[in-house]
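Please examine the sequence and the structure shown below. The paragraphs that follow lead from the interior outwards to the loops.

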Amino acid sequence: MMSDYRELTELQRSSFNRDGFVIVENMLDPETIIKARERFSLLFKGQFDLGLVPDEWNWREGRDAPDLTRQICNAWKSDSVIRSIVLREDIGRICAELSDWPGARINQDNIIWKPQGARSLGFHQDDSFQAWINPPNMTTCWITLDDTLAEQGTIEYVKGSHLWPVAPPIAQFHAPDDPLTELREAAKKVNAEIDIQPIVATAGTAVFHHGRTWHGSNANNGSGERRSVVCHCMSSAAMFSEQQINPIYGRYKQVGSNLMDESFFPILFQKDGYRSPWIDNFA
Ligand SMILES: O=C(O)CCC(=O)C(=O)O
């Protein structure tokens, strides 16, 4: 168990159930924040201290437009500092408790770097993209490495939208002309008002959100960086679905089995006390 182990209060649990997200302050200590920020520039230059290239590396220095939000998925496989954050037991425990799962395992992480002037990310529900797993649900811990301001392209949540049905995947995640297009359609279908809360928080703050909560982020029109580490969890009992193959993560499916291998989808926490042993042995 880590010394900085976090647990939710009753009040935080009920705010998650009401709004579809809950803010948890001081998830990261100042030293870890500094170390993680340093890793961001190395990662996007292709310097991976664990030797592996991440599963998705969507922005490369010198190749991609400077006004795009930079994104890497599964940096935990490539970088030791990111791994020490993403594979924390308390993140799994909170996600499992909020979702009523027997435990939680990593589905994937997201490294998001939105420098000054970088464009928006379309509003979406994470569960829209989960038809490749069974049960098809995620619960996420989003952690900011910078103090955020509303005009700085911080993450924004639509309050109560976790109670809406799952919509199809959005057409464009990176830099859509209008980041709210599909959100407006979804709200109209359920005749709901769109009540958006931008997360204004200090570096190291986490937000846990439900897989159906609509969220996205606007362009960074502020004067500072906006970096976050996002830990997307799924149930520890999740398996590959027979219905859909994920073009990237389907690579980790073994022929003739729907079981998810703990080398690629480690179990962070289980209510019966289990946690993938390799995580702490590796550390
Ligand atoms: O940090 C952001 O702006 C959004 C991250 C996000 O939507 C995600 O990782 O699913």
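## From the core to the loops

In this predicted model, the largest nonpolar core has 62 residues, and the members that touch the most others are Ile82, Cys95, Ile111, Phe208 and Val229. In soluble globular proteins, nonpolar side chains tend to be buried together. One of these core residues, isoleucine 111, may serve as a point of entry. Beyond its neighbours within four places in sequence, isoleucine 111 is in contact with Phe40, Leu43, Gln71, Ile72, Ala75, Ile82 and Val229.

Helix H2 comes next. H2 covers residues 30-45, 16 residues in total, and spans 24 Å from its first C-alpha to its last, which is close to the 22 Å expected at 1.5 Å a residue. Which residues of H2 are buried? They are Ile33, Ala36, Arg39, Phe40, Leu43 and Phe44. Two of the contacts of isoleucine 111, Phe40 and Leu43, are thus found among the buried residues of H2. The elements against which the buried residues of H2 pack are strand S3 (70-73), helix H3 (80-86), strand S4 (103-113) and strand S12 (227-235). After H2 comes glycine 46, with a positive phi near 90°.

Strand S12 deserves separate attention. Nine of the nine residues of S12 are buried, so the strand is largely enclosed by the rest of the structure. S12 pairs with S4 in the antiparallel sense, over nine bridges; in this pairing, cysteine 231 in S12 stands opposite aspartate 109. S12 also runs antiparallel to strand S7 (residues 139-144), to which six bridges join it. Here histidine 232 in S12 is the bridge partner of threonine 140. In a regular strand the side chains alternate between the two faces of the sheet.

The ligand may be considered next. Around it are Asn110, Ile112, Leu121, Asp126, Trp142, Ile155, His215, Ser217, Ser228 and Val230. Which strands each supply at least two residues of this shell? They are S4, S12 and strand S11 (215-217). By class, the shell consists of five nonpolar, four polar and one charged residues.

Several loops show particular backbone geometry. Asparagine 134 and proline 135 are joined by a cis peptide bond, with omega about 0°. Proline 135 is located in the loop between strand S6 (133-134) and S7.

Two asparagines have a positive phi although neither is a glycine. For asparagine 26, phi is about 55°, and the residue lies in the loop between strand S1 (21-24) and H2. For asparagine 74, phi is about 70°, and its place is in the loop between S3 and H3. Is each of these residues buried or partly exposed? Asparagine 26 counts as partly exposed because it has 13 C-beta neighbours inside 10 Å. Asparagine 74, by contrast, has 24 other C-beta atoms within 10 Å and is therefore buried.

The last residue to consider is glutamate 242, in the loop between strand S13 (239-240) and strand S14 (267-270). Glutamate 242 counts as exposed because it has 8 C-beta neighbours inside 10 Å. Its C-alpha atom is separated by 23 Å from that of cysteine 73, a residue 169 positions away along the chain.

Technical notes: Residues numbered from 1 in each chain as written. Predicted model: local features only at pLDDT ≥ 70, side-chain atom pairs only at ≥ 80, totals over all residues. Helix = DSSP H or I, 4+ residues; strand = E, 2+ residues; numbered from the N terminus. Buried ≥ 20, exposed ≤ 12 C-beta atoms within 10 Å, placed from the backbone. Core = buried A, V, L, I, M, F, W, Y, C linked by C-beta atoms within 7 Å. Contact = placed C-beta atoms within 7 Å. Expected span 1.5 Å × (residues − 1). Near = placed C-beta within 6 Å. Nonpolar A, V, L, I, M, F, W, Y, C, P; charged D, E, K, R; others polar. Pairing = 2+ DSSP bridges.
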